[in-house]
Amino acid sequence: MPTFTSPVEAVTVTGTFAPECGECEGSGTIIYLHGPHARTRECDTCHGTGRCLPCPACADGTNSVTGDTCTTCDGFAALT
């Protein structure tokens with residue numbers, strides 16, 4: 001059975017809440033056009049939470065030294 005991880009909350013790492021996501025403006029969804037239809041999907045930046053803070057330990061979700069998944073953000077490259 002696959003296990004799914006969720007973004008790490010900024011409060012647990014930094015002690016403060018993450019600011020509103022600049023990509024989706026806090027809604028958690030992105031509206032895009034698919035032909036003549038408008039569709040929505042989960043925001044890739046904040047993973048649907050509406051809040052996002054760049055990870056203080058990595059830039060892309062991996063440890064720059066070992067190449068393993070970042071232990072601070074669990075590979076999301078952001079905190080929510």
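## Chatting through the cysteines and loops

Visitor: Hi! How many disulfides does the structure hold?
Guide: Zero disulfides are found here. Keep in mind that this is a predicted model.

Visitor: Okay, so which cysteine sulfur is nearest to that of Cys21?
Guide: That would be the sulfur of Cys24, 3.8 Å away. A disulfide needs the two sulfur atoms within 2.5 Å, so Cys21 is in none.

Visitor: And what about Cys43, which cysteine sulfur is nearest there?
Guide: The sulfur of Cys46, at 3.8 Å. Cys43 is in no disulfide either.

Visitor: Is Cys21 buried or exposed?
Guide: Cys21 is buried, as its relative accessible area is 2%.

Visitor: Same thing for Cys43, buried or exposed?
Guide: Buried: Cys43 has a relative accessibility of 1%, and the cut-off for buried is under 20%.

Visitor: Where does Cys43 lie along the chain?
Guide: Look in the loop between β2, residues 37-42, and β3, residues 53-54.

Visitor: What is Cys43 in contact with, leaving aside its neighbours within four places in sequence?
Guide: Two cysteines, Cys21 and Cys24, are on the list. The others are Glu23, Gly28, Thr29, Ile30 and Gly48.

Visitor: How far apart are Cys43 and Leu79 in space?
Guide: Their C-alpha atoms are 14 Å apart, with the two positions 36 residues apart in sequence terms.

Visitor: Let's zoom out. What does the secondary structure of the chain come to?
Guide: There is one helix, plus four strands. Starting at the N terminus, the order is α-β-β-β-β.

Visitor: And what box do the C-alpha atoms fill?
Guide: Roughly 45 × 30 × 25 Å, taken along the principal axes.

Visitor: How much of the chain counts as buried?
Guide: The chain has 80 residues, and 26% of them count as buried. As for the accessible surface, the chain has about 5,600 Å², and carbon and sulfur atoms account for 52% of that.

Visitor: Back to the loops. What is phi of Glu25?
Guide: Phi is near 55° for Glu25, a positive value in a residue that is not glycine. You can find Glu25 in the loop between α1 (10-14) and β1 (29-34). Glu25 is exposed, with a relative accessible area of 65%.

Visitor: What about phi of His47?
Guide: His47 is not a glycine, yet its phi is positive, about 55°. This residue sits in the loop between β2 and β3. His47 is partly exposed, with a relative accessible area of 25%.

How values were computed. Residues are numbered from 1 along each chain as its sequence is written. This is a predicted model: local features need pLDDT of at least 70, side-chain atom pairs count only at pLDDT 80 or more; totals for chains, interfaces and linings use all residues. Side-chain values use heavy atoms; hydrogens and water are left out. Helices (H or I, at least four residues) and strands (E, at least two) are DSSP runs, numbered from the N terminus. Buried means under 20% relative accessible area, exposed over 50%, partly exposed in between (1.4 Å probe, protein chains only). Contact means heavy atoms within 4.5 Å. Accessible areas come from the Shrake-Rupley method with a 1.4 Å probe; for residues, only the protein chains shown count as cover.
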